[in-house]
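Got the viewer open? Switch on side chains and keep the selection box handy; this tour hops from one charged pair to the next.

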Amino acid sequence: MGTFPRHRLAAVALAATGVLLVTSGCGGGDEAAGDGKITLTVDVFGQFGYEQLYQQYMDANPNIKIVERGTGGNLDEYSPKLTQWLAAGKGAGDVVAIEEGLMVEYKANPDNFVNLLDHGAADLKGNFLEWKWNQGLTADGQKLIGLGTDVGGMAMCYRTDLFEKAGLPTDREQVSALWPTWEDYIATGEKFKAANTGASFLDAATNTFNTIVLQTAGNAQGYHYYDTSDNLVVDTNPAVKQAWDITMNIVNAGLSGKYGSWSEEWVSAFKQAKFATIACPAWMTGVIEGNAGPEAKGKWDIARVPGNGGNWGGSHLAVPQQSKHQDEAVKLVKFLTSAEGHIGAFKAKGPLPSSPQALDDPAITEATNAYFSDAPVGKIFGEGAKTLKPVYMGPKNQAVRTEVENAVRTVELGQRSPDQGWQDAINNAKKAAAK
């Protein structure tokens, strides 16, 4: 998804049968169904929207049983487990999700995964945006370790009831017009704050920072923490410092609710309407609905993001070499990443397809979301998907990102000054990259 680090919604996944599963270190491919069926275990994080697709696949392939294991939305939890399983040669599912920010790291050891080119995947290249396809390829182009799921897209989700309470417009076009730039977003936030609604303007500075840094880098050199030669450039890339400075202006204006992203406090803040806006890649719509609950239906809407576009998130599906059912697992990956699979996931949880065929399908182009006041989500997220500018992710991207966002968090909580936080971000990022 979005890829959730995308730290994505912490949610225990449901198997296709609807039985709640507890994540464990048990391997995926060595589980045998008592009825003689082949059991395929799928490891994911967050909400990929595959439940109905699993059922469709099992109905069409009665010899297959699919079990999804969810380890929560936090990649800091998911990735170490997957890395451990791969190193041990056991424990991983037959199909595993790899978030885009971690793809370079996993591609460094491609022998851990089935080469999908050996299973006819080359014929599927046209089913994916070119850059998305290339993300799954090794540098020499000889191995394909993953087929793409979603791309992030970018918007800004907001609560219409809180905007109305603050005396701000609620119509999505009028709201979009409030903030063509991030400076305008801050100015709008200051008006909201002055209205004393009892809610903060935004949820967390870290989410906003990540949006800005990916947007800024995508519109400039196409990389943020690492350059395309895998050199760490946190302290020299102007896109990172620009995003930092804008985020510090947001923090200094007192606009953040200071809710730790993906924490229980953050989830509760959705339910209690404690903030009015949240940076919103396509996959975040499913997170919002899940967190805010059915009682908030129609109280959310979607506007354009300040600045110019951006992309946050996206994942791939891969098959570990340790799978006991590689052929069957590859077939499942092909189905889940087909145009049909992309459309099904979008309908279920909102992740935006990386398939051009899916993006052109009326199921996407004409899609609306009743939860978000019937917002035309297909148009909002889909129109710019084919021209998204991806940001290169280096070998220790997730570890570096965590340290930079931790530094943002310390400033947000008043523990460090912006200058001190920036120095912490640089120093700790360098340490993370060196491990």
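## Salt bridge stops

The count of salt bridges here comes to 11. Bear in mind that this is a predicted model. Side chains of opposite charge can pair when their charged atoms come close. Here are some of the pairs to visit.

**Stop one.** Select Asp 43 and Arg 69. Their side chains make a salt bridge, at 2.6 Å from N to O. The two partners sit 26 residues apart, with Asp 43 in strand S1 (residues 38–44) and Arg 69 in strand S2 (residues 64–70), so the pair links distant parts of the chain. Now, buried or exposed: which is Asp 43? Asp 43 is buried, at 2% relative accessible area. Arg 69 counts as buried too, at 8%.

**Stop two.** Next, pick Arg 159 and Asp 161. These side chains meet in a salt bridge with an N to O distance of 2.9 Å. Colour by accessibility and look at each partner in turn: Arg 159 has 4% relative accessibility and counts as buried, whereas Asp 161 is partly exposed, with 26%.

**Stop three.** Finally, jump to Lys 430 and zoom out enough to catch Asp 235. The two form a salt bridge, and their closest N and O atoms are 3.4 Å apart. This pair also links distant parts of the chain, 195 residues apart: Lys 430 belongs to helix H18 (residues 418–434), while Asp 235 lies in the loop between helix H8 (205–218) and helix H9 (238–252). Lys 430 is partly exposed, at 42% relative accessibility. Asp 235 also counts as partly exposed, at 35%.

Note on methods. Residues are numbered from 1 along each chain as its sequence is written. This is a predicted model: local features need pLDDT of at least 70, side-chain atom pairs count only at pLDDT 80 or more; totals for chains, interfaces and linings use all residues. Side-chain values use heavy atoms; hydrogens and water are left out. A salt bridge is a side-chain nitrogen of Lys or Arg within 4 Å of a carboxyl oxygen of Asp or Glu. Helices (H or I, at least four residues) and strands (E, at least two) are DSSP runs, numbered from the N terminus. Buried means under 20% relative accessible area, exposed over 50%, partly exposed in between (1.4 Å probe, protein chains only).
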